[in-house]
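Work through the exercises below with the sequence and the coordinates open. Each task is followed by a solution in steps.

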Amino acid sequence: MEQYKNVKVMEHPLIQHKLTLLRDKNTGVKEFRELVEELALLMGYEVTRDLTLERTEIETPMCKTESKIIAGKKLGIVPILRAGLGMVDGMLKLIPAAKVGHIGLYRDPDTLMPVEYYCKLPTDVAERDLIVLDPMLATGGSASAAITFLKDRGAKSIKLVNLIAAPEGIKAVVEAHPDVEIYVAAVDEKLNDHGYIVPGLGDAGDRLFGTK
Ligand code: PRP
Ligand code: URA
């Protein structure tokens, strides 16, 4: 993905190890859920790298000193339902004060086009730095639609975090939203004829919620 300056593939060994466990078809629902949460937390560490710090005065048991804290940045986390929900708690462990908006989209199985069925966002979404969460970036239709949706409501700062992406999905989002930074743990080989990522991990929502 060297050709896209806004795409960061996170090669950290812990991320790669957990992703391997996640892909395995023998990984059950409980472990799958735990892994998605842990991966979101590990990726969140990098996603939040550019948060601004400011100085504050504190008193240690030894003396008064100046130290750094995160400046009062307004953050927002926006999972794409359903599967994005699995990444929320991991991200909130790092940035507990973030507000959470929800966008409900499902892919029409025939057209592969995203269909919106739910949206509830913080009222001040336009002033927040937003982090959109979805484990899978396949055709890119769902992520692109969610980002467009947020921009239509005034959002100016958006990052996208996916666990597994297909090259087609990355290309689609980069072309539609060149201002959005994309963080992924892996870029897989291709999409199959049904729009599933290969090798991928199967249907993220079904594996997360045990619906198949
Ligand atoms: C999955 C996934 C993404 C979308 C990716 O959701 O969680 O939202 O597909 O595909 P795309 O990049 O081609 O749009 P799905 O539509 O299966 O809905 P679900 O989370 O409710 O199962
Ligand atoms: N959605 C999924 O859950 N998995 C894929 O491989 C593609 C879309």
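The model is predicted.

**Exercise 1. Describe the shell around ligand 1 by residue class, then by the elements that supply it.**

Step 1. Sort the shell of ligand 1 by class: seven residues are nonpolar, five are polar and four are charged.

Step 2. List the closest members. The shell has 16 residues, and the closest are Arg107, Asp134, Thr139, Gly140 and Ser142.

Step 3. Look for polar side-chain atoms that approach oxygen atoms of the ligand. Arginine 107 places a polar side-chain atom 2.7 Å from an oxygen of ligand 1. For threonine 139, a side-chain N or O atom is 2.5 Å from an oxygen atom of ligand 1. Serine 142 has a polar side-chain atom at 2.6 Å from an oxygen of ligand 1.

Step 4. Find how much of the ligand is covered. Ligand 1 taken alone exposes 500 Å², and the protein buries 90% of that.

Step 5. Assign the shell to elements. Two or more residues each come from β6 (102-107), β9 (136-137) and α4 (141-152). The largest share, three residues, is from β6.

Step 6. Place the ligand: ligand 1 sits in the largest pocket.

**Exercise 2. Determine which residues surround ligand 2 and which backbone atoms contact it.**

Step 1. Collect the neighbours of ligand 2: Arg107, Met136, Ala138, Gly195, Tyr196, Ile197, Gly202, Asp203 and Ala204. By class, five of the shell residues are nonpolar, two are polar and two are charged.

Step 2. Check the backbone. Isoleucine 197 has a backbone N or O atom 2.8 Å from an oxygen atom of ligand 2. Glycine 202 brings a backbone N or O atom to 2.8 Å from a nitrogen atom of ligand 2. A polar backbone atom of alanine 204 is 2.8 Å from an oxygen atom of ligand 2.

Step 3. Compute the cover: ligand 2 alone exposes 240 Å², of which the protein buries 88%.

Step 4. Locate the site. Ligand 2 takes up space in the largest pocket. Arg107 appears in the shell of ligand 2 and is among the closest residues to ligand 1.

**Exercise 3. Decide whether valine 125 and arginine 128 are buried or exposed.**

Step 1. Find valine 125 in the loop between β7 (114-120) and β8 (129-133). Arginine 128 is in the loop between β7 and β8.

Step 2. Apply the cut-off: a residue is buried under 20% relative accessible area. Valine 125 is buried because its relative accessible area is 4%. Arginine 128, at 7%, is therefore buried.

Step 3. Look at the surroundings. The C-alpha atoms of valine 125 and lysine 74 are 9.2 Å apart, with their positions 51 residues apart along the chain. A polar side-chain atom of arginine 128 lies 2.8 Å from the backbone oxygen of leucine 75.

**Exercise 4. Pick out the cis peptide bonds and a positive phi outside glycine.**

Step 1. Recall the usual case: most residues other than glycine have a negative phi, and most peptide bonds are trans.

Step 2. Read omega. The bond from leucine 81 to arginine 82 is cis, with omega near -5 degrees, and arginine 82 is in the loop between β4 (75-81) and α3 (88-94). Valine 198 and proline 199 are joined by a cis bond with omega about 5 degrees. Proline 199 is in the loop between β13 (197-198) and α6 (204-209).

Step 3. Read phi. Leucine 112 has a positive phi, near 65 degrees, and is found in the loop between β6 and β7.

Key: Residues are numbered from 1 along each chain as its sequence is written. Chains are lettered from A and ligands numbered from 1 in the order in which they are written. This is a predicted model: local features need pLDDT of at least 70, side-chain atom pairs count only at pLDDT 80 or more; totals for chains, interfaces and linings use all residues. Side-chain values use heavy atoms; hydrogens and water are left out. A residue is near a molecule or strand if one of its heavy atoms lies within 4 Å of it. A polar contact is a pair of N or O atoms within 3.5 Å; within protein, one must be able to donate a hydrogen and the other to accept it, and residues adjacent in sequence count only if both atoms are side-chain atoms. Accessible areas come from the Shrake-Rupley method with a 1.4 Å probe; for residues, only the protein chains shown count as cover. On a 1 Å grid over the protein atoms alone, a cavity is a set of points where a 1.4 Å probe fits but cannot get out, and a pocket is an open set with protein on both sides within 12 Å along at least five of seven lines; lining residues have an atom within 4 Å of a point. A molecule sits in a cavity or pocket if more than half of its atoms lie within 2 Å of its grid points. Ala, Val, Leu, Ile, Met, Phe, Trp, Tyr, Cys and Pro count as nonpolar, Asp, Glu, Lys and Arg as charged, and the others, Gly among them, as polar. Helices (H or I, at least four residues) and strands (E, at least two) are DSSP runs, numbered from the N terminus. Buried means under 20% relative accessible area, exposed over 50%, partly exposed in between (1.4 Å probe, protein chains only).
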